[in-house]
Amino acid sequence: MKAIAATSQFQELIDIIRRSGTPEDQGFSLLEHDLVAHRIPESKRLPLVQAALADGAALADEVVEIYGTREPSLLARKMNIAVLHEGGDSRHGDTVTFADYSSRPPTIRLYDNAIARVDRYLQNKDLSEILGMTHCAEGLLAHELYHHL
């Protein structure tokens, strides 16, 4: 039963992303389906999405200017951030952790088993075409680098 529910949720996610046109639309749609979205007043959701996108774009431009690359693995090396690949279970109750960042010392942990499960979903042609990727580790690494900035 859980496999059917997961497949249904996965297809729903593909449909949400496909219906969303602009990055703001995509961010808003994904936020609406987040488990904690109900804590954010509806009137503040779109402005928060827009602020996050603007901040991310500005930081990305600044990082490229300083380090000369957008490649997350190379950026981590240039920023002296350790990237560790962890096996084992990354579940905490109902939550699965794919990656995390700690500042002292600057370290990013990628949870390879959880990432491999997502990568299997990314073999779906529809999803990989929409997202422009068949592997998610670099995207997760980029997300965690944002926490460092």
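Contact means heavy atoms within 4.5 Å. The model is predicted, so called by its record: local features need pLDDT of at least 70, side-chain atom pairs count only at pLDDT 80 or more, and totals for chains, interfaces and linings use all residues. Residues are numbered from 1 along each chain as its sequence is written, and side-chain values use heavy atoms, with hydrogens and water left out.

**Exercise 1. The chain as a whole**

Task: State what share of the contacts between residues at least 6 apart in sequence joins residues at least 24 apart, and describe the elements and the surface of the protein chain.

Solution.
1. Of the contacts in the protein chain between residues at least 6 apart in sequence, 51% join residues at least 24 apart.
2. Helices (H or I, at least four residues) and strands (E, at least two) are DSSP runs, numbered from the N terminus. The protein chain has seven helices and five strands, in the order α-α-α-α-β-β-β-β-β-α-α-α from the N terminus.
3. A residue is buried under 20% relative accessible area, exposed over 50%, and partly exposed in between (1.4 Å probe, protein chains only). In the protein chain, 24% of the 149 residues count as buried.
4. Accessible areas come from the Shrake-Rupley method with a 1.4 Å probe, and for residues only the protein chains shown count as cover. The exposed area of the protein chain is about 10,000 Å², of which carbon and sulfur atoms supply 55%.

**Exercise 2. Strand 5 and its partners**

Task: Determine which way strand 1 and strand 5 run, which way strand 4 and strand 5 run, and which residues are bridge partners.

Solution.
1. Two strands pair if DSSP finds at least two bridges between them.
2. Strand 1 and strand 5 (residues 106-111) run parallel and are joined by five bridges. On this side, Ala82 stands opposite Thr107 in strand 5.
3. Strand 4 (residues 99-103) and strand 5 run antiparallel, again with five bridges. A hairpin of two residues links strand 4 to strand 5.
4. Ser102 has Thr107 of strand 5 as its bridge partner, and Asp100 has Arg109 of strand 5.

**Exercise 3. Salt bridges**

Task: Count the salt bridges and give the accessibility of Asp61, Arg70 and Arg109.

Solution.
1. A salt bridge is a side-chain nitrogen of Lys or Arg within 4 Å of a carboxyl oxygen of Asp or Glu. This rule gives two salt bridges.
2. One joins the side chains of Asp61 and Arg70 at 3.3 Å, N to O. Asp61 is partly exposed at 46% relative accessible area, while Arg70 is exposed at 55%.
3. The side chains of Arg109 and Asp100 form a salt bridge at 2.8 Å, N to O. These two residues are also bridge partners in the strands. Arg109 is partly exposed, with a relative accessible area of 32%.

**Exercise 4. Two buried polar residues**

Task: For Ser90 and Arg45, find the element or loop and the backbone oxygen that the side chain reaches.

Solution.
1. Ser90 sits in the loop between strand 1 (82-86) and strand 2 (91-92). Ser90 counts as buried because its relative accessible area is 3%.
2. A polar contact is a pair of N or O atoms within 3.5 Å; within protein, one must be able to donate a hydrogen and the other to accept it, and residues adjacent in sequence count only if both atoms are side-chain atoms. A polar side-chain atom of Ser90 lies 2.7 Å from the backbone oxygen of Thr97.
3. Beyond neighbours within four places in sequence, Ser90 contacts Thr95, Val96, Thr97, Tyr111 and Ala114.
4. Arg45 belongs to helix 3 (residues 42-67), and its side chain reaches the backbone oxygen of Ile40 at 2.9 Å.
5. Lys and Arg count as positive and Asp and Glu as negative; His and the chain ends are not counted. Arg45 is buried without a salt bridge, and the nearest side chain of opposite charge, Glu42, is 4.8 Å away.
6. With neighbours within four places in sequence left aside, the contacts of Arg45 are Phe28, Leu31, Ala37, His38 and Ile40.

**Exercise 5. Helix 7**

Task: Locate His147 and give its C-alpha distance to Tyr101.

Solution.
1. His147 is in helix 7 (residues 137-148) and is partly exposed at 45% relative accessibility.
2. The C-alpha atoms of His147 and Tyr101 are 7.0 Å apart, with their places 46 residues apart in sequence.
3. The side chains of His147 and His143 share a polar contact of 3.2 Å.
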